[in-house]
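Reader: I have a protein model open and would like to learn how to read a helix in it. Could you walk me through one?

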Amino acid sequence: MDFFSIKQNYYTGDFVHALQDIEKHTESKDDTLLFYKLKTLLALQKYEAGSSKTNPIGVTFDLYVKYLKSRDISALESHVNTETASPFELYFLASALVIEGRFDDSLEVCVYGIDNSESTGTTELLLLAIQVTLLNGQFSIAQTLFDNFIGAQEDNITSEDELIINLAESYIKFATNQDTTSSNFYYFEELAQTFPTWKTQLGLLNLHLQQSNIEEAKGIINVLESDYYSVEQKDAAKLYKPHFLANKITLSILSGSNDVDELKNELEQLDPNHVLIQNNKRINVNFDEIVAKYNV
């Protein structure tokens, strides 16, 4: 079964069309199809608890969703046996672990699944492993994971795998400032032009901010605030608003605007756990500690 269109829509953030493609195969029991169906329904806030309990992946996903609401990982962690679970089940456990801030544990679960004899789902685990290591500042480990996977799977990589692999590579290049003005920029630019969604536009916006292209960044923000994106794609606008605000904060800082505090307050009210807000609080605490130390 060919999942290219489903994965393409999913990874470009077009969850509506991804779900439409998935629903063309309602009779299928394929694990990959179920994995993307569950994740797409969650992204669209349409997932109903217990709707896939006849499949181990569905059971694990249900526990993952419960974790997202309760932030109690114990049930999910005790349910998933890393030695017998499928790569897709391991994906949900690793995702929860990274939310907990347990980066090493999350990476260990990812690597175990990638090395699993079952190939289905390993490319998705590679992408997650890359994200985990980059979030943890382990850039060299991310590159090693990527290179090892390509070396081991080179003869077995399909076009739908390549789609995910290219995305993983682009993340590494973005985090390590590789090909910032060349191939990596063109990758995100082509995505934004070919698949104009909130996710692809935000990806291109990040590349412009990375290069301090202020006018180009303002142009994308204006596009995202247009009716086509903010009204006609209101569900996506709501989903990506925290990321959008984070980018607006970065742009305001780069351009010397006076609305940084206002935007930070808006982001904190919308998503108090956003990494930008948490990092800002951490910096403020460290600064206060330094001031207190030298004022004694």
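Author: Gladly! Keep in mind that this model is predicted. Let's begin with helix 6, where the buried residues are Pro 87, Phe 88, Glu 89, Leu 90, Tyr 91, Phe 92, Leu 93, Ala 94, Ser 95, Ala 96, Leu 97 and Val 98.

Reader: What does that list say about how helix 6 sits in the structure?

Author: Since 12 of its 13 residues are buried, helix 6 is largely enclosed by the rest of the structure.

Reader: Which helices help to cover the buried residues of helix 6?

Author: The cover includes helix 3 (31-43), helix 4 (56-70), helix 5 (74-79), helix 7 (103-114) and helix 8 (122-135).

Reader: How do I check the length of helix 6?

Author: Count 1.5 Å a residue: the 13 residues of helix 6 should span 18 Å, because the expected span uses one less than the number of residues. The end C-alpha atoms of helix 6 are 18 Å apart, which agrees. After helix 6 comes Gly 101, with a positive phi near 85 degrees.

Reader: How do helix 6 and helix 8 lie against each other?

Author: Their axes come within 9 Å and cross at roughly 15 degrees. Angles under 35 degrees count as roughly parallel, so helix 6 and helix 8 are roughly parallel to each other. The crossing is left-handed. On the helix 6 side, the residues making the contact include Phe 88, Tyr 91 and Val 98, and on the helix 8 side they include Leu 125, Leu 128 and Val 132.

Reader: Why should I look for nonpolar side chains inside a protein?

Author: In soluble globular proteins, nonpolar side chains tend to be buried together. Here, the largest nonpolar core has 77 residues, and those with the most contacts inside it are Tyr 11, Tyr 36, Ile 130 and Trp 198. Helix 6 (residues 87-99) gives the largest share of this core, nine residues.

Reader: Beyond its neighbours within four places in sequence, what is Tyr 11 in contact with?

Author: Its partners are Tyr 36, Glu 124, Leu 127, Leu 163, Ile 164, Leu 167 and Lys 199. There is also a second, separate core of eight residues, including Ile 249, Val 260, Leu 263 and Leu 276.

Reader: Let me try a residue myself. Is Ser 252 buried or exposed?

Author: Ser 252, which lies in helix 15 (residues 234-255), has a relative accessible area of 7%. Buried means under 20%, so Ser 252 is buried. Leaving aside neighbours within four places in sequence, Ser 252 is in contact with Ser 257, Asp 259, Val 260 and Leu 263.

Note on methods:
Residues numbered from 1 in each chain as written. Predicted model: local features only at pLDDT ≥ 70, side-chain atom pairs only at ≥ 80, totals over all residues. Heavy atoms only, no water. Core = buried A, V, L, I, M, F, W, Y, C linked by side-chain atoms within 4.5 Å. Buried < 20%, exposed > 50% of the residue type's maximum accessible area, 1.4 Å probe, protein only. Helix = DSSP H or I, 4+ residues; strand = E, 2+ residues; numbered from the N terminus. Contact = heavy atoms within 4.5 Å. Axes fitted to C-alpha atoms, helices over the stretch in contact; angles between N-to-C directions. Parallel < 35°, antiparallel > 145°, perpendicular 65-115°, else oblique. Left-handed = near helix turned anticlockwise from the far one by under 90°.
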